[in-house]
Amino acid sequence: MNSRKTFFIIFICALTMTGCDTQEQTTIDGGLTLKRATQTLDSIYANYSVSGICLLRENYPSNVGNYTAMYLASEEQKEIPNQYSYLWPYSGMFSAVNALLSVTGDKSYKTLLDNKVLPGLEEYLDTSRNPTGYASYISTAPQSDRFYDDNIWLGIDFTDAYLNTKEEKYLKKAQLIWKFVESGADDKLGGGIYWCEQKKISKNTCSNAPASVFALKMFKATQDSSYLIKGRKLYEWTKKRLQDPTDYLYFDNIFLDGKIDKSKYAYNSGQMMQAAILLYQFTGYRSFLKDAQNIAEACYNYFFINFVPEEGEAFKLLKKGDVWFTAIMLRGFIELYLIDHNEKYINSFNRNMDYAWGHVRDKKGLFDTDFSGRTHDDRKWLLTQAAMVEMYARLAVTK
């Protein structure tokens with residue numbers, strides 16, 4: 001019996017003992033990328049788990065006492081030491097397991113989802129405010145901010161889970177989240193969704209581009225044309241307000257006074273790429289396909305750099321940055337690849353992920369953020385590791 005299978009058996013037994021009951025785990029017999037995805041998933045649960053509960057730590061090694069999450073809106077919230085991961089990093093586990101379930105069809109991943117991932121996720125559900133939505137930290141702690149983009153990522157995953165399984169419970173969750181997301185929209189700046197419920201000062205690409213994807217996936221799930229209309233409207237608003245006309249990439253956000261934060265992040269453009277392809281699939285308008293192809297080439301030119309390894313041939317390396325942003329960008333590239341079958345971008349991703357396995361992974365099976373392998377992180381963020389699982393899993397469909 002190999003070590004991966006042994007770990008899964010131990011892990012599943014541990015879930016049963018801690019109250020996160022599950023069924024027997026089956027072994028994935030897939031390709032190399034799938035094996036790497038499952039090994040990384042094993043490493044996450046081996047290093048981030050908390051005994052007796054389904055929640056996870058934010059970092060490994062854990063630094064609960066002095067960790068400051070720089071991605072939160074509230075200064076007070078940032079300063080509170082928390083035992084468990086914030087919602088955003090935890091949500092990456094939903095995406096990771098969802099990706100494995102989608103690619104393999106292995107019911108053991110649905111078991112893991114239902115008995116480990118989603119029970120932990122429910123700890124963040126905030127029913128004390130109307131409409132119900134997921135808060136940035138667990139509901140038993142002092143009240144925390146609620147982010148529209150955090151909820152949108154969950155909505156996308158619940159919709160995907162429904163599309164994978166046809167179980168209504170997932171669709172109902174997606175519908176609940178959509179209601180919360182819509183509460184974050186108004187007519188200021190001609191439409192669009194805010195970033196944070198408690199600080200409605202900007203409308204961000206990270207809340208509008210994935211909201212378009214979310215709506216379009218809901219259309220696919222329900223065939224309710226209102227979602228198609230909303231998804232297209234969000235896409236067109238984001239393109240009008242936040243696209244850089246010089247290179248097709250997307251700026252980060254626009255403030256209510258019209259000032260634009262011109263930072264460019266991989267996930268923002270990647271979600272607009274994915275939304276464009278979905279719109280092409282549902283409408284047949286080739287202008288959306290052209291949009292996606294333009295964004296893809298722009299992302300390739302901006303988020304990849306020339307790299308010469310110590311051994312082997314030069315290749316285009318992903319720039320150092322937030323690895324989860326890269327995973328979200330990959331969703332767009334894969335959606336495009338499945339339509340136009342252009343292998344250029346997917347080949348680059350595969351080359352990066354293969355190199356990362358040999359040069360960026362430590363003895364614990366965890367990854368640094370620098371894909372060149374030349375710098376190393378003192379602590380490994382949960383979301384980075386979840387993103388690696390997702391990317392390895394998703395790339396399996398391109399093999």
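User: Before I look at anything else, where does pLDDT stay under 50, and how many contacts does the model have there?
Analyst: This is a predicted model, and over residues 21-30 its pLDDT stays under 50, although the model has 26 contacts for that stretch beyond four places in sequence. Where pLDDT is low, the predicted coordinates should not be read in detail.

User: And how is confidence over the chain, where is it lowest and where highest?
Analyst: The chain averages a pLDDT of 92, and 91% of the residues score at least 70. Confidence is lowest in helix α1 (residues 3-18), with a mean of 42, whereas it is highest in helix α8 (residues 205-222), at 99. Over residues 1-19 the pLDDT is below 50, and that stretch has 30 contacts in the model beyond near neighbours in sequence.

User: OK, switching to charges. How many salt bridges are there?
Analyst: The count comes to 21 salt bridges. One of them joins E167 and K110, whose closest N and O atoms are 3.1 Å apart, and this pair links distant parts of the chain, with E167 in the loop between α6 (148-165) and α7 (168-182) and K110 in helix α5 (residues 107-121), 57 residues apart.

User: Which residues are in a network with those two?
Analyst: K110, D114, E167 and K169 are linked in a network of salt bridges.

User: Is K110 buried or exposed, and what about E167?
Analyst: K110 counts as buried because its relative accessibility is 18%, under the 20% cut-off, while E167, with a relative accessible area of 27%, is partly exposed.

User: What does R146 pair with?
Analyst: The side chain of R146 meets that of D126 in a salt bridge, at 3.5 Å from N to O. R146 lies in the loop between β3 (133-134) and α6 and D126 lies in strand β2 (residues 125-126), so the salt bridge ties together parts that are 20 residues apart in sequence. Both R146 and D126 are buried.

User: And D186, what is its partner and where do the two sit?
Analyst: D186 forms a salt bridge with K203, and their closest N and O atoms are 2.6 Å apart. D186 is in the loop between α7 and β4 (194-196) and K203 is in strand β5 (residues 199-204), so this pair ties together parts 17 residues apart in sequence. K203 counts as buried, at 0% relative accessibility, whereas D186 is partly exposed, with a relative accessible area of 26%.

User: You mentioned β4 and β5; what order do the strands have in the open sheet?
Analyst: The open sheet has four strands in the order β4-β5-β6-β7, with antiparallel pairing. Its edge strands are β4 and β7 (260-261), each of which pairs on one side only. Strand β6 (residues 253-255) pairs with β7 in the antiparallel sense over two bridges, and N253 has D261 in β7 as its bridge partner.

User: Which helix packs on that sheet?
Analyst: Helix α9 (residues 225-242) packs on the sheet and touches β5, β6 and β7, and its direction makes about 75 degrees with that of β6.

User: Last topic, cysteines. How many disulfides, and where is the nearest cysteine sulfur to C206?
Analyst: The count comes to zero disulfides. C206 is in no disulfide, and the nearest cysteine sulfur, which belongs to C196, is 11 Å away. C206 counts as buried, at 3% relative accessibility.

User: What about C299?
Analyst: C299 is in no disulfide either, the nearest cysteine sulfur being that of C206, 15 Å away. At 0% relative accessibility, C299 counts as buried.

Definitions and conventions:
Residues numbered from 1 in each chain as written. Predicted model: local features only at pLDDT ≥ 70, side-chain atom pairs only at ≥ 80, totals over all residues. Heavy atoms only, no water. Salt bridge = Lys/Arg side-chain N within 4 Å of Asp/Glu carboxyl O. Buried < 20%, exposed > 50% of the residue type's maximum accessible area, 1.4 Å probe, protein only. pLDDT = per-residue confidence, 0-100. Contact = heavy atoms within 4.5 Å. Pairing = 2+ DSSP bridges. Axes fitted to C-alpha atoms, helices over the stretch in contact; angles between N-to-C directions. Disulfide = S-S within 2.5 Å.
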